[in-house]
Amino acid sequence: MRTKTIKQNKINVVTLGCSKNVYDSEVLMGQLKANGKNVVHEDENDEGNIVVINTCGFIGKAKEESVDTILHYAQKKEAGEVDKVFVTGCLSERYKPDLEKEISNVDQFFGTHDLPNLLKVLEANYKHELIGERLTTTPKHYAYLKIAEGCDRPCSFCAIPLMRGKHKSTPIENLVIEAQKLAADGIKEIMLIAQDLTYYGLDLYKKRALADLLRELVKVEGIEWIRLHYAFPTGFPMDVLEVMKNEPKVCNYLDIPLQHINTEILKSMKRGTTHEKTTNLIKKFREHVPNMAIRTTLIVGYPGETEEQFQELKDWVEEMRFERLGAFEYSHEENTGAYDLEDDVPADVKFRRVNEIMEVQSQISWELNQEKIGNTYRCLFDRKDGEYYYGRTEFDSPDVDNDVLVNAKDHYIKLGEFIDIEIFEAGDFDLYGKPVNQ
């Protein structure tokens, strides 16, 4: 018969990487709480005596951060400040044998599909009935909703299929239940995430079913904004645009990583598209939903990228005038298709090219923001920081896009609420406004 320990275990979950990892940590914490465990998320002041690190293994910098975090907590264990350290997530899935050999002070490593086994060593049982039960770590008014796991795309630069496996859609009815539970907890905005939204439903329903999912989610009372992240350009289901246009709850916003525009590089990247097809797709988006904000990400310094090919990309960014854009340096990742190619663009050239793209985008963003001055937008407010409240329009996602700033000395705003804001000033990436009814 087991006796109770005097000191209750507290489990501190530390999350690194993208929103998909945030979601996975929330599911883990929901399971632990349902098992009666004392669980906290990234509690720096009162750290748990048991630490679970959910790692990222996507590109070089993310891997470095993950390894540094593991070493940090391994040293804390060595010093007796924590009792146990467990590692899960993408880095652990991808490099488990190497990590076990190099960092011996970790109690156990788990992969991305090992949740039941991780729970077991934490003395908890995996509860299948907990559809949609999570401990959200985001502000109380928005949350991520992961609609699929894994990816079937063959992109040559990407290691995600190595870590996350094949694409697997979550059934529509399960996602509706999850959205209902989020709404019951006060969530007003949900961001649909997956490695590839475009592919959603093909495995379950033998057709692309993202539009069908959206039509069901808009029926959930309490959810007021639904935002689309991480769509793939090839095979994009155009019926989604009709839902976006006709359903007020679906934000006029699409995050669609395009990666490059030069046809030769797109072919080497195995993106299944060309310069012409990509440009036509963006034009169709804007024809169907004229006031849509399009967010994209680009990779510079891909193996063999010439100065001419980079200039083509830069000129195209100027031409397309994306509302939101991020640029990243190519990272040479083991076991990907591009790893056999020579990583021949020097680091300083990659760095320069990123900066050139972002300079162009800063000017575009500034010009587009000037057009917003004098207009009124419905904004959702996330936080107060210093002298300002920070909110967002439907065209902006948390952490990555523009903020709407309201002076806290002159106005009071309740966080998590929708407020109509008139814009009176604009910078490169921030808008300044005031409530219309104050």
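In this predicted model, Ile190 stands opposite Ile226 in strand β10. The two strands concerned, β9 (residues 189-193) and β10 (residues 225-228), run parallel and are joined by four bridges. They belong to an open sheet of six strands with parallel pairing. A barrel closed by five strands is also present, and its pairing is mixed. The protein chain holds 13 helices and 18 strands in total.

**Open sheet**

- The strand order of the open sheet is β6-β9-β10-β11-β12-β13.
- Strands β6 (142-146) and β13 (324-329) form the edges, each of them pairing on one side only.
- From one strand to the next, the twist of this sheet averages 20 degrees.

**Helices on the open sheet**

- Helix α8 (residues 210-217) packs on the sheet and touches β6, β9, β10 and β11 (250-255).
- The direction of α8 makes about 165 degrees with that of β9.
- Helix α9 (residues 239-246) also packs on the sheet, where it touches β10 and β11.
- Between the direction of α9 and that of β11 the angle is about 140 degrees.

**Asn252 in strand β11**

- Asn252 is found in strand β11, one of the strands of the open sheet.
- The relative accessible area of Asn252 is 11%, so this residue counts as buried, the cut-off being under 20%.
- With neighbours within four places in sequence left aside, Asn252 is in contact with Met244, Val289, Asn291, Met292, Ala293, Glu394 and Phe395.
- Of these contacts, Met244 falls within the residue range of helix α9 (residues 239-246).

**Five-stranded barrel**

- The barrel closes in the order β14-β15-β16-β18-β17.
- Its twist averages 55 degrees from one strand to the next.
- Strand β14 (residues 376-385) pairs with strand β17 (residues 418-426) in the antiparallel sense, over five bridges.
- Along this pairing, Arg378 has Asp420 in β17 as its bridge partner, and Cys379 stands opposite Ile419 in β17.
- Strand β14 is also joined by five bridges to strand β15 (residues 388-392), and these two run antiparallel.
- In that second pairing, Leu380 stands opposite Arg392 in β15.
- Strands β14 and β15 form a hairpin with two residues between them.
- Gly386, in the turn of this hairpin, has a positive phi of about 65 degrees.
- As background to these pairings, side chains in a regular strand alternate between the two faces of the sheet.

**Cysteines**

- The structure holds zero disulfides.
- Cys18 is in no disulfide, and the nearest cysteine sulfur, that of Cys56, is 6.2 Å away.
- For a disulfide the two sulfur atoms would have to be within 2.5 Å, so the 6.2 Å from Cys18 to Cys56 does not qualify.
- Cys56 is likewise in no disulfide; its nearest cysteine sulfur is that of Cys90, 6.1 Å away.
- Cys18 is partly exposed, with a relative accessible area of 31%, whereas Cys56 is buried at 11%.

**Asp348 in helix α13**

- Asp348 lies in helix α13, which covers residues 347-370.
- Its relative accessible area is 57%, so Asp348 counts as exposed, the cut-off being over 50%.
- Asp348 and Thr273 are 75 residues apart along the chain, and their C-alpha atoms are separated by 29 Å.

**Whole chain**

- The radius of gyration of the protein chain is 23 Å, close to the 22 Å that the globule rule gives for 438 residues, so the chain is as compact as a globular protein of that length.
- Taken along the principal axes, the C-alpha atoms fill a box of roughly 70 × 60 × 45 Å.
- Of the 438 residues, 54% count as buried.
- Among contacts with a separation of 6 or more, 74% are between residues 24 or more positions apart.
- The protein chain exposes about 20100 Å², and carbon and sulfur atoms supply 48% of that area.

Note on methods. Residues are numbered from 1 along each chain as its sequence is written. This is a predicted model: local features need pLDDT of at least 70, side-chain atom pairs count only at pLDDT 80 or more; totals for chains, interfaces and linings use all residues. Side-chain values use heavy atoms; hydrogens and water are left out. Buried means under 20% relative accessible area, exposed over 50%, partly exposed in between (1.4 Å probe, protein chains only). Two strands pair if DSSP finds at least two bridges between them. Axes are lines fitted to C-alpha atoms, for helices over the stretch in contact, and angles run from 0 to 180 degrees between N-to-C directions. The radius of gyration is taken over C-alpha atoms; the globule rule is 2.2 Å times the number of residues to the power 0.38. Contact means heavy atoms within 4.5 Å. Accessible areas come from the Shrake-Rupley method with a 1.4 Å probe; for residues, only the protein chains shown count as cover.
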